[in-house]
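Dear colleague,

I am passing on the structure below, and my notes follow directly after it. Please read them with the coordinates open.

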Amino acid sequence: MKDKILFQETQKFDQWWLWIIVLGLLLIPVSFFNWSESFVDQWTIDKIITSVLVVGILVLFLTSKMTTTITDEKIRVSFFPFLKREFFWDGLQQAQIVDYGFVGGWGIRIWTSYGTIYNVRGSKGIHIKTADKQYVIGTQKEEELRLKIAHLLK
């Protein structure tokens, strides 16, 4: 029998200012070329490597997303394409909604005072402690999260 989903949220890197930066990176490979000369003759290994890196960063931002799913049994976080984790409620020592503040950026932040933080933006999330580690899973729907899992918080 499939566990009933109490809360689900998918977040993407869709901040307008972030996309200006990422799209600005595309100007780097474009600026390499002299448009009055043959395009093929201008390719060098450094231009190829830089172009591949810039396009890779763009593809990474386009495809990255964090999905949080919470049921009565577990918390599942998928930060595509990096990780999938599951935390079972019966294995948690503590779980609470917190405002963790700015932790030096977004994505996967390790070695913070809250342990490992998975976030896409903002500063609110569910802070969970296992026997040996702690994590925060960021949310943009703090109140909905709080209301739908209040009976599970420890």
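Threonine 67 has serine 78, in E3, as its bridge partner, and methionine 66 is likewise bridged to phenylalanine 79 of E3; strands (E, at least two residues) and helices (H or I, at least four) are DSSP runs numbered from the N terminus. This is a predicted model, in which local features need pLDDT of at least 70 and side-chain atom pairs count only at pLDDT 80 or more, while totals for chains, interfaces and linings use all residues. Residues are numbered from 1 along each chain as its sequence is written, and side-chain values use heavy atoms, with hydrogens and water left out.

Serine 78 also has a partner in E4, namely lysine 84. Six bridges join E2 to E3, which run antiparallel, and six bridges join E3 to E4, again antiparallel; two strands are taken as paired if DSSP finds at least two bridges between them. E2 and E3 form a hairpin with two residues between them, as do E3 and E4. The open sheet to which these strands belong has four strands in the order E1-E2-E3-E4, with antiparallel pairing. E1 and E4 stand at its edges, each with a single partner strand, so one side of each has no neighbour in the sheet. On average, neighbouring strands of this sheet are turned by 10 degrees against each other, direction ignored (axes are lines fitted to C-alpha atoms, for helices over the stretch in contact, and angles run from 0 to 180 degrees between N-to-C directions).

Of the seven residues of E3, five are buried, where buried means under 20% relative accessible area, exposed over 50%, and partly exposed in between, with a 1.4 Å probe and protein chains only. The largest nonpolar core (a set of buried Ala, Val, Leu, Ile, Met, Phe, Trp, Tyr and Cys residues joined through side-chain atoms within 4.5 Å) has 24 residues, of which Ile75, Trp89, Ile126, Ile128 and Ile137 touch the most other members. Elements that each supply at least two residues of this core include strand E1 (5-12), strand E8 (124-129) and helix H4 (142-149), and E3 gives the most, with three residues. Isoleucine 75 is in contact (heavy atoms within 4.5 Å) with residues that include Phe87, Trp89, Leu92, Ile126, Ile128 and Ile137, leaving out those up to four places away in sequence. Another core, of five residues, lies apart from it, with Tyr100, Val103, Ile117 and Val136 among its members.

Six aromatic pairs were counted, taking rings of Phe, Tyr and Trp (its six-membered ring) as paired if their centres lie within 6.5 Å, with planes under 30 degrees apart called stacked, over 60 edge-to-face and the rest tilted. The rings of phenylalanine 13 and phenylalanine 61 have centres 5.6 Å apart and planes at 75 degrees, so this pair is edge-to-face. The two are 48 residues apart, phenylalanine 13 lying in the loop between E1 and helix H1 (16-25) and phenylalanine 61 in helix H3 (residues 45-63). Phenylalanine 13 is buried, at 11% relative accessible area, whereas phenylalanine 61 is partly exposed, at 22%. Phe13, Phe61, Phe79 and Phe82 form one aromatic cluster.

Best regards
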